[in-house]
Amino acid sequence: MTVIGLFLASLFTVVELNCENLFDCQHDSLRNDYDFLPTSEKQWTTNRYWEKLNNIAREILSCGTDDRLPDVVCMVEVENDTVMRDLTRRSLMRNAGYEYVMTDGIDERGIDVVLMYQTNTFHIIDHESLRIRRDSTERPTRDILHVVGELRSGDTIDVFVVHFPSRRNGLKQTRDYRLRAVSTILERIENLAENHSILVAGDFNDYRDDASLQAFAEAGFTNATADAKGNNGAEGTYKYRGEWGSLDHILLRGNIKRHLQTTHINDLPFLLQGEEEQKMPRRTYRGNFYQGGYSDHLPLVATFAF
């Protein structure tokens with residue numbers, strides 16, 4: 001696209017972020033949220049909660065530019081509506097003009113996924129939660145959030161926010177569960193035209209070459225962030241045993257692919273700790289030890305021109 005074309009186009013920015021346990025301090029009698037209470041070993045106090053909220057607000061706002069906030073933020077590991085209300089109405093983000101929709105699933109810990117959006121650039125037409133089929137031996141997992149939205153340009157997009165089943169019981173043992181999550185989305189979009197714009201973002205609990213990502217590729221999706229890097233040394237969104245990798249992805253299918261301009265990992269210095277090869281995300285906890293950081297995942301950022 002030419003410089004003039006970019007000027008005339010409507011820019012649209014999507015952020016994906018795993019928030020690392022964005023919990024409030026109150027016990028939900030129906031959920032296993034005991035790790036995030038003032039009486040827990042983590043000592044999750046009101047002061048720490050508000051520091052976390054303001055840190056997440058800074059992290060998200062830093063994904064924009066001086067004159068533009070991110071239009072849509074796909075958020076993972078958020079406990080409930082109370083947390084999102086505090087984030088959008090009472091934190092450092094309170095004047096940013098964000099609204100949100102979220103799931104209310106059956107995850108044992110009570111964590112859900114969220115789509116936060118700017119109302120002047122993204123108009124929600126419809127939204128729903130999709131439950132993933134499981135057998136009796138599998139732990140309940142997060143619902144998938146499906147949102148149909150219209151951009152200022154008039155383009156319509158189906159957005160799916162995901163936090164696929166974890167690898168806790170082993171990669172091979174949990175692979176079929178994640179593949180069923182893929183099938184849940186593919187079944188939902190099977191009647192949409194091939195050129196219909198679809199975006200899937202979140203924590204897939206799989207790397208780019210694993211089975212669930214390959215299943216999406218076979219269904220016509222492109223992993224827009226497969227080669228995304230940061231400007232300050234991050235080669236993935238997450239660091240495990242000293243190695244960078246990305247369980248977080250933004251996938252595209254249909255016309256939206258031709259509107260993609262750039263993708264990157266937001267690894268601004270304040271989101272990192274350590275020096276040179278030891279750099280890693282500045283996280284909130286290491287085990288039960290409070291670090292006072294942001295998240296153990298870095299944000300993915302994709303910019304489109306419509």
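This section describes selected side-chain contacts, salt bridges and one helix packing in a predicted model.

Asn 21 lies in strand S1, which spans residues 11-22. The residue is buried, because its relative accessibility is 16% and the cut-off for burial is under 20%. The side chain of Asn 21 makes a polar contact with that of Arg 109 at 2.6 Å. Beyond its neighbours within four places in sequence, Asn 21 touches Phe 36, Lys 52, Glu 77 and Arg 109. Arg 109 thus appears both in the contact list and in the polar pair.

Salt bridges were searched for over the whole structure, and 15 were found. Side chains of opposite charge can pair when their charged atoms come close. Three of these pairs are described here, including that of Asp 86 with Arg 90. In this pair the closest N and O atoms are 3.3 Å apart. Asp 86 is buried, because its relative accessibility is 8%. Arg 90 has a relative accessible area of 52% and is therefore exposed. The bridge between Asp 86 and Arg 90 thus joins a buried residue to an exposed one.

A salt bridge also forms between the side chains of Arg 133 and Glu 187, with an N to O distance of 3.5 Å. This pair connects distant parts of the chain, with the two positions 54 residues apart in sequence. Arg 133 sits in the loop between strand S5 (122-130) and strand S6 (144-151). Glu 187 belongs to helix H4, residues 171-189. Arg 133 is partly exposed, with a relative accessible area of 44%. Glu 187 is likewise partly exposed, at 42% relative accessibility.

Asp 206 and Arg 167 meet through their side chains in a salt bridge of 3.0 Å, N to O. Here too the pair links distant parts of the chain, 39 residues apart. Asp 206 is in the loop between strand S8 (197-203) and helix H5 (211-218). Arg 167 is in the loop between strand S7 (156-163) and H4. Asp 206 counts as buried, because its relative accessibility is 2%. Arg 167, at 25%, counts as partly exposed. The pair is part of a wider arrangement: salt bridges with shared partners join Arg 167, Arg 178, Asp 206 and Asp 210 into one network.

The packing of H4 and H5 was examined next. Two packed helices are described by the angle between their axes and the distance between the axes. For H4 and H5 the angle is about 25 degrees and the axes are 9 Å apart. The two helices are therefore roughly parallel to each other, as the cut-off is under 35 degrees. H4 passes H5 in a right-handed crossing. On the H4 side the contact is made by Arg 175, Arg 178, Leu 179, Val 182, Ile 185 and Leu 186. H5 contributes Ala 211, Ser 212, Ala 215 and Phe 216. Arg 178 of H4 takes part in this contact and also belongs to the salt-bridge network.

Finally, Ala 305 was located in strand S18, residues 300-305. Ala 305 is buried, because its relative accessible area is 1%. Its separation from Leu 171 is 134 residues in sequence. In space the two residues are 37 Å apart, C-alpha to C-alpha.

Notes
Residues are numbered from 1 along each chain as its sequence is written. This is a predicted model: local features need pLDDT of at least 70, side-chain atom pairs count only at pLDDT 80 or more; totals for chains, interfaces and linings use all residues. Side-chain values use heavy atoms; hydrogens and water are left out. Helices (H or I, at least four residues) and strands (E, at least two) are DSSP runs, numbered from the N terminus. Buried means under 20% relative accessible area, exposed over 50%, partly exposed in between (1.4 Å probe, protein chains only). A polar contact is a pair of N or O atoms within 3.5 Å; within protein, one must be able to donate a hydrogen and the other to accept it, and residues adjacent in sequence count only if both atoms are side-chain atoms. Contact means heavy atoms within 4.5 Å. A salt bridge is a side-chain nitrogen of Lys or Arg within 4 Å of a carboxyl oxygen of Asp or Glu. Axes are lines fitted to C-alpha atoms, for helices over the stretch in contact, and angles run from 0 to 180 degrees between N-to-C directions. Angles under 35 degrees count as roughly parallel, over 145 as roughly antiparallel, 65 to 115 as roughly perpendicular and the rest as oblique. A crossing is left-handed if the near helix is turned anticlockwise from the far one by less than a right angle, and right-handed if clockwise.
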